[in-house]
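Colleague: I have some questions about how the labels for this chain were assigned. Could we go through them one at a time?

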Amino acid sequence: MRLTAHTDYALRVLIYLGLQPDRMATIREISERYELSRDHIMKIAQKLSNAGFIETVRGKNGGIRLGREPATIVVGDIIRTMEGRMDLVECHGHGKKNCLIAPVCLLQDVMHEALEAFLVVLDRYTLADLLHPSKELTKLVQLDVKYIKSA
């Protein structure tokens, strides 16, 4: 299984915000720091905001910040939100005829079981877990240390 770039970027955005929970970050700042498209980060921020993972504030001193404590943001929930449908096989894709062997095939059940096991593991971790080691992460993303809480 491979996660989409949007999910990857969403995790990076949340890590960035989690490293500096007491300040607002801008879309521009995050896109420049990670060298990612501003448009992609804007779309991701909108989806994360709609799901309650982040808060957005418009205006001169606006930006984005975490909407909840990192320990309450479950990685599996982020993945589910960003990925939407996660069918591992296209047994009956949208607008396609049913697969010839679908009536007796167990592949879809096996893949569903594997996906559930994957999500069970991700559900054991929170954003707080991904923020360690915070000092090293902070250096790598070159954040101004005056904004960083001791972790």
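Colleague: What share of the residues in the chain is buried?

Modeller: In this predicted model, buried residues make up 35% of the 151 residues. To count as buried, a residue must have under 20% relative accessible area.

Colleague: How many helices and strands are there, and in what order do the elements run?

Modeller: The chain has 7 helices and 2 strands. Starting at the N terminus, the order is α-α-α-β-β-α-α-α-α. The C-alpha trace spans about 60 × 30 × 25 Å along its principal axes.

Colleague: Why is Thr 7 called buried?

Modeller: Its relative accessibility is 0%, and the limit for buried is under 20%, so Thr 7 counts as buried. Thr 7 belongs to helix H1, residues 5-18. Apart from neighbours within four places in sequence, Thr 7 is in contact with Ile 79, Met 82 and Glu 83.

Colleague: And what makes Val 13, also in H1, buried or exposed?

Modeller: Val 13 has a relative accessible area of 1%. That is under 20%, so Val 13 is buried. Beyond its neighbours within four places in sequence, Val 13 is in contact with Ile 30, Tyr 34, Ile 41, Leu 48 and Ile 64. Val 13 and Tyr 34 are 21 residues apart in sequence, with their C-alpha atoms 8.9 Å apart.

Colleague: Why is Met 1 called exposed?

Modeller: Exposed means over 50%; Met 1 is at 52%, and therefore counts as exposed. Met 1 lies in the segment before H1. Together with Leu 88 and Phe 118, Met 1 makes a nonpolar surface patch of about 260 Å².

Colleague: How do you know how H1 is oriented relative to H3?

Modeller: Two packed helices are described by the angle between their axes and the distance between the axes. The axes of H1 and helix H3 (residues 38-50) come within 10 Å and cross at roughly 75°. Angles of 65 to 115 degrees count as roughly perpendicular, so H1 is roughly perpendicular to H3.

Colleague: Which residues meet where H1 and H3 are in contact?

Modeller: From H1 there are His 6, Tyr 9, Ala 10, Val 13 and Leu 14, and from H3 there are His 40, Ile 41, Lys 43, Ile 44 and Leu 48.

Colleague: Which residues of H2 are buried, and what covers them?

Modeller: Ile 27, Glu 29, Ile 30, Ser 31 and Tyr 34 are buried in H2. Their cover includes H1, H3 and strand S2 (63-66).

Colleague: What makes the backbone at Glu 35 worth a remark?

Modeller: Glu 35 has a phi near 55°, a positive value in a residue other than glycine. Glu 35 comes just after H2, in the loop between helix H2 (27-34) and H3. With a relative accessible area of 73%, against a cut-off of over 50%, Glu 35 is therefore exposed.

Colleague: Which peptide bond is cis, and where is its proline found?

Modeller: The bond from His 132 to Pro 133 is cis, with omega near -5°. Pro 133 is in the loop between helix H6 (127-130) and helix H7 (134-140).

Colleague: Why is the pair of Arg 28 and Glu 32 called a salt bridge?

Modeller: The closest N and O atoms of Arg 28 and Glu 32 are 2.9 Å apart. The rule asks for a side-chain nitrogen of Lys or Arg within 4 Å of a carboxyl oxygen of Asp or Glu, so the pair qualifies. Both residues lie in helix H2, 4 residues apart, about one turn of the helix. Arg 28, at 56% relative accessibility, counts as exposed. By this rule there are 6 salt bridges.

Colleague: What joins Asp 77, Arg 80 and Asp 123 into one network?

Modeller: Arg 80 forms a salt bridge with Asp 77, with the closest N and O atoms 3.5 Å apart. Arg 80 and Asp 77 are 3 residues apart in helix H4 (residues 75-83), about one helical turn. The side chains of Asp 123 and Arg 80 also meet in a salt bridge, at 2.8 Å from N to O. Asp 123 lies in the loop between helix H5 (107-122) and H6 and Arg 80 in helix H4, so this pair ties together parts 43 residues apart in sequence. Salt bridges that share partners thus join Asp 77, Arg 80 and Asp 123 into one network.

Notes. Residues numbered from 1 in each chain as written. Predicted model: local features only at pLDDT ≥ 70, side-chain atom pairs only at ≥ 80, totals over all residues. Heavy atoms only, no water. Buried < 20%, exposed > 50% of the residue type's maximum accessible area, 1.4 Å probe, protein only. Contact = heavy atoms within 4.5 Å. Patch = residues over 30% accessible without salt bridge, like charges linked within 9 Å, V, L, I, M, F, W, Y side chains within 5 Å. Areas by Shrake-Rupley, 256 points an atom, 1.4 Å probe, with all protein chains shown as cover. Axes fitted to C-alpha atoms, helices over the stretch in contact; angles between N-to-C directions. Parallel < 35°, antiparallel > 145°, perpendicular 65-115°, else oblique.
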